[in-house]
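Open the model in a viewer and keep a selection prompt ready. The stops below go from one element to the next.

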Amino acid sequence: MENLPASRRDFLKSAALAAASAVMPGSRLSGAGETAKQPNLLLIMTDQQFGDTMSCVIGSEYLHTPNMDSLAATGMRYTRAYTANPLCIPARASMFTGRYPHETGIQTNTNEKIDPARYPCMGRIFQAAGYETGFFGKWHLPFAESRADEHGFGAYAGKPGVYSGEPVAEFIRKKRERPFLAVASFLNPHNICEWARGEELPGGPIGDPPSPDRCPPLMPNAVPPHDETDIMAHMRRAYQAHRLFPVGAFTDGKWRQLIWAYYRLVEKVDQQVGTVLQALRESGQEKDTVVVFLSDHGECHGAHRWNQKTVFYDESARVPLIVSRRGTIPTGICDSLVHTGVDLIPTLCDLAGVQTPKQLPGRSFQTQAAGHKA
């Protein structure tokens, strides 16, 4: 080890310390010196889903998400969960390191990598604590996908898991002696970006929209605010000039059709969520598994005459968040403020009985998830 670079020595040393300080693999303290089996951790993540776009929130007249609804019916749903940055890579970098974007330096969609010794990835933390780890679907993390020694996810399936729940379902069904951490990272409803530009949808067609009068109504805040910031107005002009976002010319009817399309894409990813949850039930591990459902960031889908994300409007920054473990976590709705970037890893550690790395600035929302006030 003496011949290794300093950063590599520090990385290996920190991993060893994490392993030594964690609860013994496969068990956790359960009061009065008792031990209980550590739960599996299943993180289901969609891409670009606004926090309210579930039928358990807005009703089923225009949107039907039975699988997301089933998680809400068996767990705690958070109404004020916000992303660290409404953009893919900065949001995911924060979620999987537990650090703010200004700490990691990842604040745009970039190919830049970060130091795994300075910013240990979620996979490394739980791998060191004895968990079998797997990541399936969209990556967009500031770690090299091929370097499992750096990010800690022993099993990986990229594109096959983007539009299919089968790779993670297969991982869940596998017989094992240790608990698992599985990340199911689905791409939709991100395909609304292509739909708005009139492009072919990478995840397959959703059909032609009906006439506007048969589509969902406009968002209540469809008109841009009178006191809109200068930078927001500048972004509108720049995007329209380069035709990156042709929604500037959308009529009210076209906006209603975009909302219809967005809901269809949410329903498509809900089916993938169902595939994963079915595998969990059929494997007999439902009661032994904590399921956390969330999205990396939101989508404006017509609010303020805007689609996509990148701005800190509520629709692009607030995300769905549900924590469920059948028979263990009470059902309910919690309005405590949650930062899904820095608070996610401390919460997973807390739920699993794993020591949270001391350098992380976030805090666990396990107390709220258990039905208690913060």
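Select helix α8, residues 166-173, where P167, V168, A169, F171 and I172 are buried. Buried means under 20% relative accessible area, exposed over 50% and partly exposed in between, with a 1.4 Å probe and protein chains only. Helices (H or I, at least four residues) and strands (E, at least two) are DSSP runs, numbered from the N terminus. This is a predicted model, in which local features need pLDDT of at least 70 and side-chain atom pairs count only at pLDDT 80 or more, while totals for chains, interfaces and linings use all residues. Residues are numbered from 1 along each chain as its sequence is written, and side-chain values use heavy atoms, with hydrogens and water left out.

What covers the buried residues of α8? The cover includes β3, β6, β7, β8 and α11 (252-282), where contact means heavy atoms within 4.5 Å. Keep F171 selected and add R176, which lies over the face of the F171 ring at 4.4 Å from the ring centre. A charge sits over a ring if NZ of Lys or CZ of Arg is within 6 Å of the ring centre and within 35 degrees of the ring normal. Another such case is K254 over the face of F250, at 5.7 Å from the ring centre.

Next, select strand β8, residues 180-185. Six of its six residues are buried. F180, A182 and A184 point one way from β8, and L181, V183 and S185 point the other way.

Now add the neighbours of β8. Strand β3 (residues 40-46) runs parallel to β8 and is joined to it by five bridges; L41 is the residue opposite L181. Strand β6 also runs parallel to β8, with six bridges between them, and here E132 stands opposite F180. Two strands pair if DSSP finds at least two bridges between them. Strands of a sheet pair through backbone hydrogen bonds, either parallel or antiparallel.

Widen the selection to the whole sheet. Which order do its strands follow? Eight strands form an open sheet in the order β7-β6-β8-β3-β9-β10-β4-β11, with mixed pairing. The edges are β7 and β11 (332-334); each has a single partner strand, so one side of each is left without a neighbour in the sheet. Neighbouring strands are turned by 15 degrees against each other on average, direction ignored. Axes are lines fitted to C-alpha atoms, for helices over the stretch in contact, and angles run from 0 to 180 degrees between N-to-C directions.

At the β11 edge, look at its pairing with β4 (residues 75-78), which is parallel and has three bridges. There, G332 in β11 is the bridge partner of M76. Then select α11, which packs on the sheet and touches β3, β8 and β9 (289-295). The direction of α11 makes about 170 degrees with that of β3.

The next stop is a group of aromatic rings. Rings of Phe, Tyr and Trp (its six-membered ring) pair if their centres lie within 6.5 Å; planes under 30 degrees apart count as stacked, over 60 as edge-to-face and the rest as tilted. The count by this rule is twelve aromatic pairs. Start with F135 and W139, an edge-to-face pair at 4.8 Å centre to centre, with 70 degrees between the planes. W139 also forms an edge-to-face pair with F153, at 6.5 Å and 85 degrees. That second pair links distant parts of the chain, 14 residues apart: W139 is in the loop between β6 (132-137) and α7 (148-151), and F153 is in the loop between α7 and β7 (155-157). Both W139 and F153 are buried. Select F96, F135, W139, F153 and Y156 together to see the cluster linked by ring pairs.

From there, pick L141, in the loop between β6 and α7. Is L141 buried or exposed? L141 counts as buried because its relative accessibility is 4%. Outside four places in sequence, L141 touches R92, A93, F96, K113 and F135.

Move on to H64, in the loop between α2 (55-58) and α3 (66-73). H64 counts as partly exposed because its relative accessibility is 47%. Leaving aside neighbours within four places in sequence, H64 is in contact with S55 and E267.

Finish with the whole chain selected. The chain has 14 helices and twelve strands, and 56% of its 374 residues count as buried.
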